[in-house]
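Me: I'm new to this one, could you walk me through it?

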Amino acid sequence: MASAAEIARRDEQGKVRSRWLLSAPALVIVFIASIGPLFVMLAYSFMAKGDYGDVKPGEFSLDGWFSVFFQRDIFDDTLSLADAHLSILWRSLRLSVITTVLTLALGFPTAYFIATRPRHTREIWVFLVTIPFWTNLLIRTFAMQQVIRNEGVLNTLLMWLGVIQEPIPIMYTDWAILFGMVYVYLPLMVLPLYASLEKLDFRLIEAGYDLYAGRLAVLRRIIIPLVKPGIVAGSILVFIPSLGAYVIPRVLGGGKNLMLGNLIELQFGAGRNWPLGAALSITLMVLVMVAMLFYVRNAARSGGGHG
Amino acid sequence: MPEPAAVPDSRIAVECRGIVKQFGEGPRALRALDNVSVAIRENEFFTLLGPSGCGKTTLLRMIAGFEYPSEGSIRLHGEDIAGLPPFKRPINTVFQSYALFPHLTVWENVAFGLQMLGRPKGEIASRVAEMLKLVHMEELAQRRTDEISGGQGQRVALARALAPAPKVLLLDEPLSALDYKLRKEMQIELKRMQSETGITFIFVTHDQEEALTMSDRIAVMSKGKVLQIGTPWDIYDKPAERFVADFIGETNFLPAAMVGIEAGLARVRLPSGVEMSATLADGYVPSSEATLVVRPEHARVVASGGQLSGLVENVVYFGTDTHIHVRLDEGFTFMVRQQNSRSQSCGAEVGARVGIEIAPDAAQVLRD
């Protein structure tokens, strides 16, 4: 007969085994759907490009990675920096940062407004914020086009009001991309901010006023440090998809104002340079990771990280 | 201990005059405060006492600046502050929930007000050290506020509110979250701090015992009105209204007939037919009937004689004293509290026929 300890040990082993067995489907999905493709991308970026797209599987080559940063002159073989890629990279970063800052500036008052409503009205406001998600991104982007084009709602309104005499050309500029991204990503900023603000103890704000802090000081010294987790989460949720945006720059920025997402798409499509596309994708990922690490660490250092 | 009739204006720290606070409009409007006037003197421990919903916290929040009166004026040392935001009033609050900033340390919490006032760093450091010493929290200065106990949180809240040296300190039921023993300790501490700092304290509580032991003066409130303002002695011994007498301590009410008023004292006839003299509440409106109030410890059970008589219904022993419930011949129950002494028992047996002797000047005629 087995001792009690023996039974307990076997029981424990069985539990561990069934735990793995039960989580196996999830693990398989995670591997196939997210980690697996990353390895494929990594492998592709180190292969030679095929003549009609695709890659030559057996052939190792650094050309993909090389052409992310450099270009070779077709006539005299001199090396120079890949200006086109770097300027697209720079534009993507710049537009994403501006988008994040603008959504934060617009989203914070919105979330604060919702969080200070009576409980049952709050739910209605949150519901209204989520309504844009019901429509496809492409359709929303085309709708934005109707707003900002020369004969669109915005220009017509401004001309009717007499603010401007001629329509301001917004379409196919960086401004158009910015308009589109702020519009599309704003809810992603508002929702986490609201979640943080809703938990905020408003008696602390009274305590701040009581201790001679004016409205700005209360915002800076009490509210912002306490809702920092929401600010960090919202910024990450906006910044990452902004950096990889594809549909918005394509529709609103026209063909000239590419962002990283469009450049990558180009390599897998018309460019027929899969290794370069793969290398660019991984560059984008590394960029996002570095930016996030920097941001999160910075946010944690400057006050609190608590709440 | 009669109150001086008039206090010179210069000695009044906070004066609220004709304060009305109304929520909503029309016939369904709620009057949280209804024509409230109080004058709180400098360096006074003043208590707003009343059951929950009586408007005491609303009045306190109005003095702090979190709410604005619908009507009336609030003056701080003669200056009208009713329109000033809280951060422009030299008044600090100890909140019921303490409301300590969770993202700051104990030290940073106490320093907050001084930093907002733009005081130099050296001054802040020495002032914070001084305050932490006052509340015995020097060793926990670098703790986060979620790493300290409720009693310690209470001390930090107090130090934080006292650090900017306000002219008036408001305390909103600050002891209600503490257990009994800690509460007793903090009552003594608070009293000590008030006399050490010389700051006017306005204290809100629903605990009558707390109010009696700590206050210089008490304002008893009910349903948005101030019923009586006076020293603990006034409030306890000379209650003006039935609510005040009932809310504070235990008491006996007796219906009586008014015989006459002479030299500020009333002559009343008790239900037993015996006449006696009684003091009159402030603002007494003459009428033929009167309600008399007698504290249980101001009466004595005697074998025979006394102004009242009846049968002993119940005798309850409390250690330091004994409560004797007597069913009067007229049908009322009267309670007598007698201090126990080693040598003799209270001398009352259940069912015995006894007399009740009311001490001279112990009866008071109520206003209502």
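Reply: Domain bounds here come from an automatic or database domain assignment. For chain B, that assignment gives domain 1 (9-237) and domain 2 (250-365), and the centres of these two domains of chain B, taken over C-alpha atoms, are separated by 39 Å.

Me: What kind of model is it, and how are things numbered?

Reply: This is a predicted model, in which local features need pLDDT of at least 70 and side-chain atom pairs count only at pLDDT 80 or more, while totals for chains, interfaces and linings use all residues. Residues are numbered from 1 along each chain as its sequence is written, with chains lettered from A and ligands numbered from 1 in the order in which they are written.

Me: What pLDDT does chain B average?

Reply: Chain B averages 88 in pLDDT (the predictor's confidence in each residue, from 0 to 100), and 96% of its residues score at least 70. Over residues 1-5 of chain B, however, the pLDDT is below 50.

Me: How many residues does each chain bring to the contact?

Reply: Chain B brings 18 residues and chain A brings 18 residues, where two residues are in contact if their C-beta atoms, placed from the backbone, lie within 7 Å. On the side of chain B that touches chain A, there are 13 nonpolar, five polar and no charged residues; Ala, Val, Leu, Ile, Met, Phe, Trp, Tyr, Cys and Pro count as nonpolar, Asp, Glu, Lys and Arg as charged, and the others, Gly among them, as polar.

Me: And what ipTM does the complex get?

Reply: The predictor gives the complex an ipTM of 0.83, along with a pTM of 0.80.
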